[in-house]
Amino acid sequence: MPKSGASKQPSKSLTGKEVEYLKAVFKLLSGRDMVGSLEVADAMRVSCATASEYLGRLEEKGMVKRYRWRGVSLTEKGLGEVNRIIRNHRVFETYVYRFLSMGLQDACECASMVEQCLPEKIVDSMCSALGHPKTCPHRNHIPGGRYCC
Ligand SMILES: [Zn+2]
Ligand SMILES: [Zn+2]
């Protein structure tokens, strides 16, 4: 098994909704180090109270840090998790699209179902079989894995 039990995630794993919030925070940050919870609420089209509730859950799981009146930032753990999920999604989608001749929209939907629980080994093998692509068919960047150069 690779590093420090980071690949095991039983009780503390995120729900699908929490992952959506984590991804939203990541996307909103894009270079900044903090994002307002109002921005998160707007992006998710929910009330401030709902956004705060989910951000609170993410904080309990060590994924974000909240600063009163200022907003939220991603922790190192949160950033690692969001990168892992994005990589899983995009590698899987690219693989299915290219080798299983599935339409891109179907491929993307299937990727959303499995992105959280794909074993790193499988994703790395798919990535190698694809020749370590830099982008998915949507032209979004694929974060590199252990064996990508
Ligand atoms: Zn994509
Ligand atoms: Zn690779």
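# A tour by selection

Select H132: this residue is partly exposed, with a relative accessible area of 22%. Three words describe accessibility here: buried means under 20% relative accessible area, exposed means over 50%, and partly exposed lies in between (1.4 Å probe, protein chains only). This is a predicted model, in which local features need pLDDT of at least 70 and side-chain atom pairs count only at pLDDT 80 or more, while totals for chains, interfaces and linings use all residues. Residues are numbered from 1 along each chain as its sequence is written, chains are lettered from A and ligands numbered from 1 in the order in which they are written, and side-chain values use heavy atoms, with hydrogens and water left out.

**Stop 1: the zinc ion (ligand 2)**

Stay with H132 and add its partners. What are the protein donors of the zinc ion (ligand 2)? They are C127 (SG), H132 (ND1) and C148 (SG), at 1.9 to 2.2 Å from the ion. A donor is an N, O or S atom within 2.8 Å of the metal (3.2 Å for Na, K and Ca); water is not among the atoms, so sites may look incomplete. Along the chain, these donors have the spacing C-x4-H-x15-C. H132 and C148 both sit in the segment after α6, 16 residues apart, and the pair links distant parts of the chain. C148 is partly exposed too, at 21% relative accessibility.

Helix names such as α6 come from DSSP runs: helices are H or I over at least four residues, strands are E over at least two, and both are numbered from the N terminus.

**Stop 2: the zinc ion (ligand 1)**

Now select E93, C136 and H138. They coordinate the zinc ion (ligand 1) through OE, SG and ND1, at 2.0 to 2.4 Å. The donor spacing is E-x42-C-x1-H. E93 lies in helix α4 (residues 76–99) and H138 in the segment after α6 (120–129), so this pair ties together parts that are 45 residues apart in sequence. Buried or exposed: which word fits E93? E93 is buried, with a relative accessible area of 1%. H138 is partly exposed, at 35%.

**Stop 3: the nonpolar cores**

Select Y21, L22, V25, V40, L58 and L74. These have the most contacts inside the largest nonpolar core, which has 22 residues. Such a core is a set of buried Ala, Val, Leu, Ile, Met, Phe, Trp, Tyr and Cys residues joined through side-chain atoms within 4.5 Å. Five elements each supply at least two residues: α1 (16–29), α2 (37–44), α3 (48–60), β2 (71–74) and α4. The largest share, 6 residues, comes from α1.

Zoom in on V25. Beyond its neighbours within four places in sequence, V25 is in contact (heavy atoms within 4.5 Å) with V35, V40, L55, V72 and L74. Another core of 12 residues lies apart from the largest one, and includes L118, C127, L130 and C136. In soluble globular proteins, nonpolar side chains tend to be buried together.

**Stop 4: the second largest pocket**

Select K23, K27, I86, R90 and E115. The second largest pocket has a volume of about 470 Å³. It is lined by 19 residues, and the five you selected are the closest to its centre. Two or more lining residues come from each of α1 and α4. α1 gives the most, with 7 residues.

How is a pocket found? On a 1 Å grid over the protein atoms alone, a pocket is an open set of points where a 1.4 Å probe fits, with protein on both sides within 12 Å along at least five of seven lines; lining residues have an atom within 4 Å of a point. Grid points are joined across faces, edges and corners, and the volume is the space filled by probe spheres set on the points.

**Stop 5: single residues**

- M126: this residue is in helix α6 and is buried, at 12%. Leaving out residues up to four places away in sequence, M126 touches V91, F92 and Y95.
- W69: look in the loop between β1 (64–67) and β2. W69 is exposed, at 81%. From W69 to I85 is 29 Å, C-alpha to C-alpha, with their positions 16 residues apart in sequence.
- S101: this one is in the loop between α4 and α5 (104–114). Its phi is near 35°, a positive value in a residue other than glycine. S101 is exposed, at 67%.
- R139: go to the segment after α6. Phi of R139 is near 70°, a positive value in a residue other than glycine. R139 is exposed, at 73%.

**Last stop: the domains**

Zoom out. Colour domain 1 (16–74) and domain 2 (86–129) separately. Their bounds come from an automatic or database domain assignment. The centres of domain 1 and domain 2, taken over C-alpha atoms, are 26 Å apart.
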